Amino acid sequence: MRVLLAGATGAIGRPLTSALVRGGHEVLALARTPGAAATVSGLGAEPVQADALERDGLLRALDGRSADAVIHQLTALKAPKRTLTADDPSNVLRERGTANLLEAAGVLGAGRFLTQSLVLGYGYRDHGDRILTEQDPFGVRGGNVADHVITGLLEAEGRLFAADHVAGTALRYGVFYGPGTWFDPTPGSRTTPVPMGGGGVVPWIHVEDAADATVAALERGRAGEAYNIVDDRPSGWGELAAARGGRQIRLPGWALRLMVPYLGALMLDTRLRVSHDKATRELGWNPRHQDHRVGMNAAATPGSSAWLGRTPPA
């Protein structure tokens with residue numbers, strides 16, 4: 001297929017671009033700057049100089065082009081913010097960015113559209129030991145700062161599934177780890193704060209496994225469906241941070257919650273286990289890295305972000 005990819009230089013965007021090219025797909029990659037254009041060219045994609053948040057410029061840049069599908073992987077998660085508001089940059093990308101890219105799909109004549117979502121949309125709370133599936137309620141607010149994230153996810157999925165000119169698929173990823181993320185095993189990666197005692201339990205996914213699942217969803221995903229993209233074993237924040245060696249700061253829960261309230265909701269309040277059985281059954285996908293113990297020690301695939309240098313998280 002010919003694919004327009006938004007977010008090609010992010011943590012998942014780089015391995016995804018490489019995976020698409022390896023799979024025989026032709027990639028048009030949005031690039032806001034000359035540097036981003038050079039990066040995506042090096043990955044084998046054709047850069048399109050445009051900003052997904054600038055509707056008119058985006059549509060002008062795509063005028064006269066065609067594509068079979070659009071993949072939305074834009075977020076703005078470079079570092080945790082002290083406060084989280086309704087106009088958080090990631091929410092703007094999930095709301096206005098999704099709307100603009102859906103219009104772009106119409107200009108391109110694209111019949112498929114994939115968007116990035118998160119399993120955290122099931123709710124930032126203690127779900128106990130029950131394993132959740134796509135049949136469980138999604139977009140459950142808890143009355144805390146994390147509700148802004150929930151709203152953004154609902155907006156992105158809602159706009160997609162309401163569009164009648166594309167076959168839309170939502171990919172509900174676990175928490176990313178691997179090159180370019182908060183939990184980057186490569187030398188010189190950022191130091192990440194984690195709660196003492198390990199904190200809550202969440203599903204994880206290596207960025208290269210997330211990329212493989214996205215290609216599978218492009219090729220075999222069903223319209224109007226969401227898929228959980230997670231590895232086989234959820235784990236605590238402290239457990240995964242320990243796999244990185246010394247690049248961690250362990251904080252008391254009260255201090256973490258005081259410094260960044262969102263991280264309190266995410267790392268302390270949330271206990272979430274999610275199944276990827278639907279993705280395995282319908283997409284023919286299984287994670288190559290069964291859990292972080294395998295993924296943190298895995299050699300990077302040639303062409304992935306680990307080979308090209310560390311990038312900001314997507």
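## Exercises on helix contacts and buried residues

The axes of helix 1 (residues 13-22) and helix 6 (residues 207-220) come within 8 Å and cross at roughly 45 degrees. The model is predicted, so local features need pLDDT of at least 70 and side-chain atom pairs count only at pLDDT 80 or more, while totals for chains, interfaces and linings use all residues. Residues are numbered from 1 along each chain as its sequence is written, and side-chain values use heavy atoms, with hydrogens and water left out.

**Exercise 1.** Describe how helix 1 and helix 6 are arranged, and state which residues meet.

Step 1. Helices (H or I, at least four residues) and strands (E, at least two) are DSSP runs, numbered from the N terminus. Axes are lines fitted to C-alpha atoms, for helices over the stretch in contact, and angles run from 0 to 180 degrees between N-to-C directions.

Step 2. The axes of these two helices cross at roughly 45 degrees, which makes helix 1 oblique to helix 6, given that angles under 35 degrees count as roughly parallel, over 145 as roughly antiparallel, 65 to 115 as roughly perpendicular and the rest as oblique.

Step 3. From helix 1, the residues Pro15, Leu16, Ala19, Leu20 and Arg22 meet Val207, Glu208, Ala211, Asp212, Thr214, Val215 and Leu218 of helix 6, where contact means heavy atoms within 4.5 Å.

Step 4. Sorted by class, the contact of helix 1 with helix 6 has 8 nonpolar, 1 polar and 3 charged residues; Ala, Val, Leu, Ile, Met, Phe, Trp, Tyr, Cys and Pro count as nonpolar, Asp, Glu, Lys and Arg as charged, and the others, Gly among them, as polar.

**Exercise 2.** Work out how helix 3 lies against helix 4, and then follow leucine 59 into the contact.

Step 1. The axes of helix 3 (residues 55-62) and helix 4 (residues 89-108) come within 10 Å and cross at roughly 25 degrees, and therefore helix 3 is roughly parallel to helix 4.

Step 2. On the side of helix 3 the contact is made by Arg55, Leu58, Leu59 and Leu62, and on the side of helix 4 by Asn100, Leu101, Glu103, Ala104, Val107 and Leu108. By class, this contact of helix 3 with helix 4 has 7 nonpolar, 1 polar and 2 charged residues.

Step 3. Leucine 59, which has its place in helix 3, counts as buried because its relative accessibility is 15%, and buried means under 20% relative accessible area, exposed over 50%, and partly exposed in between (1.4 Å probe, protein chains only).

Step 4. Not counting residues up to four places away in sequence, leucine 59 touches Glu103, Ala104 and Val107. The C-alpha atoms of leucine 59 and valine 107 are separated by 7.1 Å, although the two residues are 48 residues apart along the chain.

**Exercise 3.** Locate threonine 181 and find which backbone oxygens its side chain reaches.

Step 1. Threonine 181 is found in the loop between strand 8 (175-177) and strand 9 (192-195), and with a relative accessible area of 3% this residue is buried.

Step 2. The side chain of threonine 181 reaches the backbone oxygen of glycine 178 at 2.7 Å, and a polar atom of that side chain lies 3.0 Å from the backbone oxygen of phenylalanine 183.

**Exercise 4.** State how many helices and strands the protein has, and what share of its residues is buried.

Step 1. The protein has 12 helices and 15 strands.

Step 2. Of its 314 residues, 57% count as buried.

Note on methods:
Polar contact = N/O pair within 3.5 Å; in protein donor to acceptor, adjacent residues only side chain to side chain.
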